[in-house]
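Here is a short, friendly tour of a helical packing problem, written for someone who likes to check geometry by eye. Please keep the viewer open as you read.

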Amino acid sequence: MFLGLSAALLAAAIFGVVAVLQAAVVRRQGLFSPKMMLVIGIYLTGWVLHVVAIAQLPLYLAQVGVGSSLVVTALVASSVMGEPLTAVHWAAVAAMVVGLGLLAVAAGPVGG
């Protein structure tokens, strides 16, 4: 379970960071630029980790783990792109972290 959860959280981190990178590249250089190939390569790395997470964890836990990339995107975009987070946004980040923790504790073995 540790390998699957680690893969899901690493994929979430990759997806969150690369989403901000993608936005920055598109804004500065357009959709069809050489740096977009780098973005696609990073996305593929995250996809491989997502597949590992799906193989090792119950599907709902793998999906929520990868879905936590929204938290990473919000935090990175806040600092890199200068988009401020309000109290409501911070509450959503906290709820996502608590929810993922509860699911990880409650998750059973992977089904057949």
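Helices here are DSSP runs of H or I with at least four residues, numbered from the N terminus. With that in hand, S68 is easy to place: this residue sits in the loop between α3 and α4. Do keep in mind that the model is a predicted one.

**The loop residue and its neighbour in α4**

Is S68 buried or exposed? Its relative accessible area is 10%, and because buried means under 20%, S68 counts as buried. Leaving aside residues up to four places away in sequence, S68 touches L9, A12, M96 and L100.

L70 belongs to helix α4, which covers residues 69–80. The relative accessible area of L70 is 65%, and since the cut-off for exposed is over 50%, L70 is exposed. If you would like a distance to check, take L70 and V25: they lie 45 residues apart in sequence, and their C-alpha atoms are 19 Å apart in space.

**How the helices pack**

Two helix pairs can be set side by side.

| Pair | Angle | Axis separation | Crossing |
|---|---|---|---|
| α1 and α2 | about 160° | 8 Å | left-handed |
| α2 and α3 | about 150° | 7 Å | right-handed |

Angles over 145 degrees count as roughly antiparallel, so α1 and α2 are roughly antiparallel to each other. By class, the contact of α1 with α2 involves 20 nonpolar, seven polar and one charged residues.

The angle between α2 and α3 also leads to a roughly antiparallel label, because it is about 150°. Where do α2 and α3 meet? From α2 come H50, A53 and I54, and they face L59, A62, Q63 and V66 of α3. Sorted by class, this contact of α2 with α3 has five nonpolar, two polar and no charged residues.

**The core**

The largest nonpolar core has 13 residues, and A8, A11, L49, A53, L57, L61 and V66 are the ones that touch the most other members. At least two residues of this core come from each of α1 (2–29), α2 (34–56) and α3 (59–67). Which helix gives the largest share? That is α1, with five residues.

A53 is a good residue to select in the viewer. Besides being listed among the core residues that touch the most other members, A53 takes part in the meeting of α2 with α3. Not counting residues up to four places away in sequence, A53 touches G4, A7, A8 and A62.

Conventions: Residues numbered from 1 in each chain as written. Predicted model: local features only at pLDDT ≥ 70, side-chain atom pairs only at ≥ 80, totals over all residues. Heavy atoms only, no water. Core = buried A, V, L, I, M, F, W, Y, C linked by side-chain atoms within 4.5 Å. Buried < 20%, exposed > 50% of the residue type's maximum accessible area, 1.4 Å probe, protein only. Contact = heavy atoms within 4.5 Å. Axes fitted to C-alpha atoms, helices over the stretch in contact; angles between N-to-C directions. Parallel < 35°, antiparallel > 145°, perpendicular 65-115°, else oblique. Left-handed = near helix turned anticlockwise from the far one by under 90°. Nonpolar A, V, L, I, M, F, W, Y, C, P; charged D, E, K, R; others polar.
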